[in-house]
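Colleague: Could you pick one part of this model and walk me through it closely? I'd like to know what sits around it and how it fits into the rest.

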Amino acid sequence: MSERPVIDYAALPYLPREGVQAAGNNQYLTRSLFLETASTKEQEALALWTMSEHEVFANGKWYPSAWMVYIHATDEYDALRKICGNVRQWEHIKAMFEKVGRAHILEAWEAEQRYLQKSRVRAALEKTAIVPGAPGQTAAAKMLLAMVEGKGRGPGRPKQEKPNPESEKAKSAAEEAISRVVDFQK
């Protein structure tokens, strides 16, 4: 077994837009794209990724982690371009995950990516908030405070409810009409 490779998942290139296809039949690879869902040795040889959280050594080579590609991508589109190349094939892959009972893996990828993105946003806000005189410094500081305190309020002045004079007139007119009807019935 060779030494585990060090892979910069964020810097991986996009696959071709035509996707990853089987030779000869122009069909998208779905099950055979991943080591865990490939059903034969021939399909395992075609596999590009593992679904695992880390690289896996099998069949004499290291398989990079599609999980790591997904969470280090800037968004789902960035991830799908690196994993399979195009949106249509990505939809086939998502359906395959559902069909083979591995939808929970994709959900875990999405959840971890959301946490990572929140962490990046917070780090960027902290950088902006501590630089004196930086544009947006006050707004960033207020957003951080709201995040820390667990409040949903963001930067800016809270909105004040202003009474609508026309609705007040309509309300008083309706009340007056009701009182006239009640008085008439007496």
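Modeller: Let's start with Asn86, which touches Arg17, Glu18, Gly19, Tyr28 and Leu80, leaving aside residues up to four places away in sequence (a contact means heavy atoms within 4.5 Å). Bear in mind that this is a predicted model, where local features need pLDDT of at least 70, side-chain atom pairs count only at pLDDT 80 or more, and totals for chains, interfaces and linings use all residues. Numbering runs from 1 along each chain as its sequence is written, and side-chain values use heavy atoms, with hydrogens and water left out.

You'll find Asn86 in the loop between α3 and α4 (helices are DSSP runs of H or I, at least four residues, and strands are runs of E, at least two, numbered from the N terminus). Asn86 has 7% relative accessibility, so it counts as buried (under 20% relative accessible area is buried, over 50% exposed, and in between partly exposed, using a 1.4 Å probe and protein chains only). Its side chain makes a polar contact of 3.4 Å with the side chain of Tyr28 (a pair of N or O atoms within 3.5 Å, where within protein one must be able to donate a hydrogen and the other to accept it, and residues adjacent in sequence count only if both atoms are side-chain atoms).

Now step back to α3, which spans 76-83. Just at its start, a side-chain oxygen of Asp75 comes within 3.3 Å of the backbone nitrogen of Tyr77. After the helix comes Gly85, with a positive phi near 110°. In between, Asp78, Ala79, Leu80, Arg81, Lys82 and Ile83 are buried. With 6 of its 8 residues buried, α3 is largely enclosed by the rest of the structure. Those buried residues pack against α2, α4 and α5.

How do α3 and α4 pack, in angle and axis distance? The angle is about 90° and the axes lie 9 Å apart (axes are lines fitted to C-alpha atoms over the stretch in contact, and angles run from 0 to 180 degrees between N-to-C directions). That makes α3 roughly perpendicular to α4 (the class for 65 to 115 degrees). From α3, the contact uses Glu76, Tyr77, Leu80 and Ile83, while α4 brings Val87, Trp90 and Lys94.

Ile83 deserves a second look. Beyond four places in sequence, Ile83 touches Leu15, Leu33, Phe34, Trp49, Ala66, Val69, Trp90 and Trp109. Ile83 also belongs to the largest nonpolar core, a group of 26 residues, and is among those with the most contacts inside it, along with Leu33, Phe34, Trp90, Phe97 and Trp109 (a core is a set of buried Ala, Val, Leu, Ile, Met, Phe, Trp, Tyr and Cys residues joined through side-chain atoms within 4.5 Å). Each of α2 (66-72), α3, α4 (87-99) and α5 (103-130) supplies at least two residues of this core. The biggest share comes from α2, with 6 residues.

Zooming out to the whole protein, you have 7 helices and 2 strands, running α-β-β-α-α-α-α-α-α from the N terminus. Buried residues account for 30% of its 186 residues. Of the contacts between residues at least 6 apart in sequence, 50% link residues at least 24 apart.

Methods. Parallel < 35°, antiparallel > 145°, perpendicular 65-115°, else oblique.
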